[in-house]
Amino acid sequence: MKKMIKIKTFLKASSIGLLTLGLFFTTFSCEEDTEFNLGPVLASHQDGIQNLDEEGIDCGGSSGVVCPSCTDGIQNQGEEGIDCGGPCMMCIPTPRADALASSTIPYYFTFEANDAASGRNLVPLPQANQGVTFNLGAADPAGSDDLVGQILRPQNGPFGGFEDFKFQPQPGPIDFSTYDKFTLDVYIPSSNDFSGNLEPLVEVILHDNVDGNFFQRWTVIGVSVDASDFDSWVTLRFDGTNAVSADTGTFLRDNTTYDNITLRFGGSGHTEAGEFFIKDLKTTTSFVAPGTPRADALASSGLPVYYTFETGDASSGLNLIPVADANQGVVPNYGVADPAGSDNGVARILRPANGPFGGFEDFKFQPQSDPIDFSVYHKFKLDVYIPSSNDFSGNLVPLVELILHDNVDGNFFQRWTVIGVTVDPADFDSWVTVEFDGTNAMSAADGTLLPANDTYDNYTLRVGGFGHVEAGEFFIKDFVPFE
């Protein structure tokens with residue numbers, strides 16, 4: 001191919017009369033046509049022309065450059081979002097992501113659409129690089145107008161039983177020092193076949209991308225969904241507080257190498273298919289509502305004492321403060337997330353194996369300044385959650401006791417009044433309100449009824465029984481007297 005280029009040049013100078021000097025310039029012009037023969041221009045993959053075997057301008061075919069498309073996971077070719085708008089399909093609205101845009105959350109993803117508009121600092125890898133098949137912006141199976149993500153774990157998937165949903169790696173390590181907890185809304189259809197190896201299990205996997213052996217180093221946090229919650233949306237909480245890496249046992253909050261977040265559905269090590277729906281992956285600093293809302297609500301109750309366990313100080317109650325942790329027989333942790341999933345702050349009471357008091361471990365409040373008047377308030381209630389993961393096959397028992405006593409000397413147990421309530425196994429894994437009725441409760445020393453007692457100045461709680469050294473885990477909240 002030859003190109004003939006015709007160039008026209010035009011030169012002109014203006015005349016200027018300088019009458020005062022009697023000089024003048026004559027105006028002249030020059031116009032010339034010139035032709036240059038540039039010779040043949042060779043076709044190439046950099047000539048700005050779609051030629052050779054290209055599928056677009058300088059892309060596709062043997063060019064080695066992939067042409068922009070509406071499925072490449074990149075916002076290009078005039079798109080308004082990733083693979084949407086412009087020459088592609090209309091971008092899907094993302095109202096939930098829009099609502100989160102003003103938050104300070106460092107990363108989130110709502111699954112309303114398959115592009116950055118669905119989140120902050122999280123974008124899915126292209127479909128070809130995923131272990132699962134996903135459909136983002138899918139209709140809510142529960143019938144709302146929310147757009148959600150549909151995750152299909154394939155039969156005999158590409159990764160031999162380790163199928164997952166991957167986000168693109170971050171440009172640098174993720175800081176988990178503050179945000180080490182995650183929530184994800186999940187809907188599991190009961191049409192899944194969980195009779196085999198498929199599990200109603202959802203896992204958040206934090207890992208690096210140094211090499212293919214990342215699974216030797218990763219941190220995995222899993223939550224199983226109860227069958228009673230199938231066919232409905234549930235918010236799963238992935239608590240990284242005590243989550244550690246597979247290789248060194250480093251706590252997630254201390255990790256400085258992970259640069260990626262991955263989700264896995266249905267378990268691992270099997271090739272069975274499953275369907276899951278998800279929305280709104282968010283990171284958080286706490287699962288607990290700020291402040292002490294339950295204690296605040298009791299402030300005008302007129303009660304002489306109460307304690308909600310929202311914190312470990314006086315703000316949780318009235319006239320009740322726990323003794324220092326070092327002086328407790330149990331290990332308390334205040335303001336922890338509700339194991340039942342609410343935003344209540346509760347207390348986790350760990351009865352340690354081989355505890356410091358030889359089988360008589362308990363939770364102690366500080367003594368009152370004066371003897372307690374039980375004439376009106378000699379009944380008490382306490383909300384208790386007992387995990388079924390406790391081993392009650394031995395000496396540990398699902399028993400909760402309120403102990404009223406003095407602090408005259410170390411022999412208070414010879415005089416105390418103990419009121420115990422046993423929790424039925426049918427009530428494990430749920431909150432129950434146990435009531436301690438002191439109406440007919442007597443002192444160990446002389447049988448004095450609690451309403452008539454005028455020497456006790458302390459309240460103590462005991463969980464799991466006594467006279468043994470077996471470990472147990474209990475959650476409690478809202479110790480309140482009533483008439």
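Which residues line the second largest cavity? This tour of a predicted model begins there.

**Stop 1: the second largest cavity**

Select Val-330, Ile-349, Asp-362, Phe-363, Leu-461, Arg-462, Val-463 and Ile-476; these residues form the lining of the second largest cavity. The enclosed space is about 40 Å³. By class, the lining has 6 nonpolar residues, no polar ones and 2 charged ones. Strand E23 is the main contributor, giving 3 residues to this lining.

**Stop 2: the sheet around E23**

Now select strand E23, residues 458–463, together with E18. The two strands are antiparallel and are joined over 2 bridges. For one of the paired positions, pick Phe-363 and Leu-461, which are bridge partners. Both Phe-363 and Leu-461 also appear in the cavity lining of the previous stop.

Extend the selection to the rest of the sheet. The sheet is open and has 4 strands, in the order E18-E23-E20-E21, with antiparallel pairing. Its edges are strand E18 (363–364) and strand E21 (417–422), each of which pairs on one side only.

While the strands are on screen, a general point helps with reading the side chains. In a regular strand, side chains point alternately to one face of the sheet and the other.

**Stop 3: strand E13**

Move to strand E13, residues 274–284. Is this strand mostly covered or mostly uncovered? Strand E13 is mostly covered, with 9 of its 11 residues buried.

Which strands pair with E13? Add them in turn:

- Strand E3 (residues 108–109) is antiparallel to E13 and shares 2 bridges with it. Select Tyr-108 and its bridge partner in E13, Lys-282.
- Strand E6 (residues 147–153) pairs with E13 in the antiparallel sense over 5 bridges. Here Gln-150 has Phe-277 of E13 as its bridge partner.
- Strand E8 (residues 181–187) is also antiparallel to E13, over 6 bridges. Tyr-187 of this model has Phe-277 in E13 as its bridge partner.

Keep Phe-277 selected for a moment: this residue of E13 is the bridge partner of Gln-150 and of Tyr-187.

**Stop 4: the largest cavity**

The structure holds 2 cavities of 30 Å³ or more. To see the largest, select Gly-73, Ile-82, Asp-83, Asn-114, Val-123, Pro-124, Leu-125, Pro-126 and Gln-168, which line it. The space inside the largest cavity is about 50 Å³. Its lining divides into 5 nonpolar residues, 3 polar residues and 1 charged residue. Among the lining residues is the run Val-123, Pro-124, Leu-125 and Pro-126.

Methods:
Residues are numbered from 1 along each chain as its sequence is written. This is a predicted model: local features need pLDDT of at least 70, side-chain atom pairs count only at pLDDT 80 or more; totals for chains, interfaces and linings use all residues. Side-chain values use heavy atoms; hydrogens and water are left out. Two strands pair if DSSP finds at least two bridges between them. Buried means under 20% relative accessible area, exposed over 50%, partly exposed in between (1.4 Å probe, protein chains only). On a 1 Å grid over the protein atoms alone, a cavity is a set of points where a 1.4 Å probe fits but cannot get out, and a pocket is an open set with protein on both sides within 12 Å along at least five of seven lines; lining residues have an atom within 4 Å of a point. Grid points are joined across faces, edges and corners, and a volume is the space filled by probe spheres set on the points. Ala, Val, Leu, Ile, Met, Phe, Trp, Tyr, Cys and Pro count as nonpolar, Asp, Glu, Lys and Arg as charged, and the others, Gly among them, as polar.
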